[in-house]
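Thank you for making time this morning. I would like to take you through one structure, and I will go slowly for anyone who has not seen it before.

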Amino acid sequence: MIKKPKYVDESKCTGCTTCVEYCPVKYPDQFNQELSQNKAIHIYFAQAIPLATYIDESCLYLKEKKCSICQAVCKTGAIDFNQTPERVEVNVGAIVLSPGFEPFDPKLRNDYGYGKFENVVTSLDYERLLSPSGAYEGEILRASDKKHPHKIAWIQCVGSRQVNPEGGNSYCSAVCCTYAQKQVILTKEHDAEVECTIFHNDIRSYNKDFERFYQRTETLPGVRFIRSYVSIGKEIPESKNVTIRYSTPEDGVKEEEFDMVVLSVGLNPPAEAKSLATKFGIELNSHGFCKTIPSNPMEATRPGIFVSGAFQGPSDIPESVYTASGAGSQCGELLDYRRGKLSQERIYPPERDVSQEEPKIGVFVCHCGANISRIVSVPSTVEYALSLPNVVYAQEQLFSCATNSAKEISDMVKEKGLNRLVIAACSPRTLEPLFRDTLREAGINQYYLDMANIREHCSWVHAKEKEEATQKAKDIIRMSVARACHLDPLQDFELQVNKTALVVGGGLAGLTSALSVAKQGHEVYLVEKDTDLGGMARRIHYTLEGLDVQAYLRDVIRQVYQHPLIHVYTDAAITETDGYVGNFVTKVKSEGRVAEIKHGAAILATGAEVYQPTEYLYGEDDRVMTHLELEEQIAKGDERLLTSESLVMIQCVGCRNEDRNYCSRICCSESIKNSLKLKELNPQMDVYILFRDMRTYGFKEDYYREAASKDVRFIRYEPQDKPQVEAVEEEGRPVLRVTVTDPILGKKLEIDAEALVLAAALIPSAGSQEAAKLFNLTNNADGFFKEAHVKLRPVEFAVDGVYLCGMAHYPKFISETVSQAYGAAGRAITLLSHETVLASGSVCVVNESNCISCGACITACTYGAIQFHDTPQGRKAGINPALCKGDGLCNTKCPTGAISLKHFTDQELLSQIDAASGL
């Protein structure tokens, strides 16, 4: 590897940016999409790690040996123009490639006026406009006159789903529809009066909870979704507004004027993809992304090289996160023998006992870029904090979470002798662990910290009331300071980790995760409710990409049964589970016997089920079937089906409605897959697909185009005007008459079909509902498992030590299921590879003298952390601190006040209330 010179010694740079202030060179900032200016020496972006400056090629000294002002003003001597490229050699056993993607450049096509009309921007440009650290500090301004736009249009599929003219990409970039909706929502939050229009072909809100997100956007006042291809008309010289031409069913072609146009650009392969492929000896697919093994979407064509994120193809954040974890798990399979041999334990300084000292509080107020400072007056807030009792130091910071800011806080704790901290910034849910760690670095107990949330609780909800928001920020800080005075030192405690894993569900997800965990040296118990392994994959025979599913499934099942560390229970049911992270006990009933399994982690892969339709004559006429039933008939070579003259498929059966307000994700591609197979077997068959939005995202768009080229006919219908089906006789032969309104023709069509196929919804399995109760888990509104964080923790539950994957999480394709299964295994291994795990010291405790054994606390606790136990005073409630999550619900239910929650005591909370009321 070649490490390029930064001309700055990172070990000496403090990130003070004095050099940036004095640098005379200005040029367009690439990070801000060239919407603002930057200096030759700069920090790449406000929260970069490490937070150190570097010098780029625009530097006058590097080009002409002129100017070395930065060197003169740097007090730490960090500027080093003598640095040269450094060759670094490392010996590795596996490689993970995650080079990301390149945004499509609309200038290449020159068909939307980008780079020509000032107020035509890309979606990435617009992201930087929305960002508090962006070109205009979060203000949405037009480039032409720096004024707020009042009418904005988004154009979808720029650079995606295009083959003519040349220069676009044939695939769907998968994320554009949803990020455009996000941008509309944020725009409306900035200015409720702005008019927003999204021009689209299909809205592809196929991911978990995205259908509701789409509906939320669609129902905002002043928001329009218009289904039409568009072209840019002209730029109006006086106003610099831009016109867009589009078609409507009612009025034909229209031309409309907008203040700003946002191009929703797609995702291209990374610029260095070809050179990477050459260097690593791997293949790229036809689109320039990494070619992967059909049965393993994270393995490149060269063994030992794995891929994660958008280098596989266009992907959203959750997919990028779990493929990263999955690639790590597969590296672990190869390198398990090296695990732990290169790691170093982090050593913290000895903790100083300050419990007997008077509170000496330091307050650090974060600008959060401009998230807070755009609304709240940070300087006056800092000045106010200094006037509060027990506050001996206060200062403002641009980003308190940045590396240099954390070090600054730690240094100030030592220098000023602080023994309490108040960080006035964002949500403690996000960054409290970071600031606790900062306190530990300073030698102070981590629980001497309180976070005053002046972002989510203040600046974000009072954007129109700056003076009142500043006053509220002061009130919140005053309350935090009052609470900080009464904080007690607490200690986290270690729990031993049982090295065994339990996997619930024997479909492809469960099989894959079980194998990955076992290959890394851990015993696995695999529990399946059916008599055979394989789950829904037993009914799938081929994929769009041509994978022989049954052969693949047989091989995986063979590996599971042959692995010495995997114990399989089929025709089994879990009767009881107990315990906590690292130490679970689960009872499994199988073959008339009950086995007790002790395990440190659990992976739930309980799958999904197919909705049994009640509409369109399903169950009344044997010519009406679901896609799974169609695929089974094709695999059997059903003569009646394969010789049919006409077949109709209806999409969105049982979903995207009031009962199931979600998209089942895979149905459109399943229809394409089966229509192509039917056309292959009988090219003369007339195949019709009746749809609302064709959601063939990613590379599956190519198959959609192929189906259309083979005369598969696509007819869109509206949800308020669904197709009608009746069994009739036509010229003496029985047919299924499907009546549907064609929106292009504006007429009702009657299609006589010999078979009708329903794209039935995928619904949560009964096993998932049972597992949720057994493991104290949460489901979302649709009944699928609810992950700990939709973007950042997509394979974890709020319950520590329990992980999820496969269709129990949400409907997905086999490739996506395998990826997430490896991802869940990777997270489980992170736990199982340690001897101990830390549990929080902020838990509830019982004063047994006050306990009257009423059981109210036991009923309230959703984690099963409280049970009765016998004491010399009789039966009393007792809390298992390993299970307690510190939510305090039992605390509020206790009629005698026998339960208290550490770190949230009555004294601490009452002091906040007193401070809020000015007492």
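What follows is a walk through the cores, some strands, a few aromatic rings and one glutamate.

Please keep in mind throughout that this is a predicted model.

Let me begin with the interior. The largest nonpolar core has 131 residues, and those with the most contacts inside it are Y126, I244, I650, L690 and L756. Helix α21, which spans residues 814-832, supplies the largest share of this core, namely ten residues. There is also a second, separate core of 46 residues, and V365, L439, I444 and V481 are among its members. If we return to Y126 and set aside residues up to four places away in sequence, we find that Y126 touches V121, I140, I152, W154, Q183, T187, M260 and V262.

Now to the strands. In a regular strand the side chains alternate between the two faces of the sheet. Strand β44, residues 836-839, shows such an alternation, with V837 and A839 pointing to one face, where they are buried, while T836 and L838 point to the other and are not buried. Strand β44 pairs with strand β25, residues 493-496, in the antiparallel sense and over four bridges, and within that pairing E494 has L838 of β44 as its bridge partner.

A parallel case is offered by strand β36, residues 686-691, and strand β37, residues 713-716, which are joined by four bridges. Here I689 has F714 in β37 as its bridge partner. To get from β36 to β37 the chain passes through helix α19, residues 701-709, and this β-α-β crossover is right-handed.

Let me turn to the aromatic rings, where the count comes to 22 aromatic pairs. What is the geometry of the pair formed by Y214 and F225? The ring centres of Y214 and F225 are 5.2 Å apart and the planes stand at 75°, so this pair is edge-to-face. Y214 belongs to helix α6, residues 210-218, and F225 to strand β12, residues 223-227, so that the pair links distant parts of the chain, eleven residues apart. Y214 has a relative accessible area of 9% and is therefore buried, and F225, with 17%, is buried as well.

F785 and F797 give us another edge-to-face pair, with 5.2 Å from centre to centre and 85° between the planes. Both of these phenylalanines lie in the loop between α20 (766-774) and β43 (802-804), so the pair ties together parts that are twelve residues apart in sequence. F785 and F797 are both buried. I would also mention that Y7, Y61 and F81 form one aromatic cluster.

Some rings have a lysine over them. The charged end of K700 sits over the ring of F813, 4.3 Å from its centre, and K151 lies over the face of F258, at 5.2 Å from the ring centre.

Finally, let us look at E609, which lies in strand β33, residues 608-610. Is E609 buried, exposed or partly exposed? Its relative accessibility is 31%, and because that value falls between the 20% and 50% limits, E609 counts as partly exposed. Leaving aside neighbours within four places in sequence, E609 is in contact with M536, A761, L762, I763, P764, S765 and A766. By contrast, E609 and Y171 are 438 residues apart in sequence and 29 Å apart in space, taken from C-alpha to C-alpha.

Notes: Residues numbered from 1 in each chain as written. Predicted model: local features only at pLDDT ≥ 70, side-chain atom pairs only at ≥ 80, totals over all residues. Heavy atoms only, no water. Core = buried A, V, L, I, M, F, W, Y, C linked by side-chain atoms within 4.5 Å. Buried < 20%, exposed > 50% of the residue type's maximum accessible area, 1.4 Å probe, protein only. Helix = DSSP H or I, 4+ residues; strand = E, 2+ residues; numbered from the N terminus. Contact = heavy atoms within 4.5 Å. Pairing = 2+ DSSP bridges. Phe/Tyr/Trp six-rings, centres within 6.5 Å; stacked < 30°, edge-to-face > 60°. Lys NZ or Arg CZ within 6 Å of the ring centre and 35° of its normal. Right-handed = clockwise from strand over helix to strand, strands pointing away.
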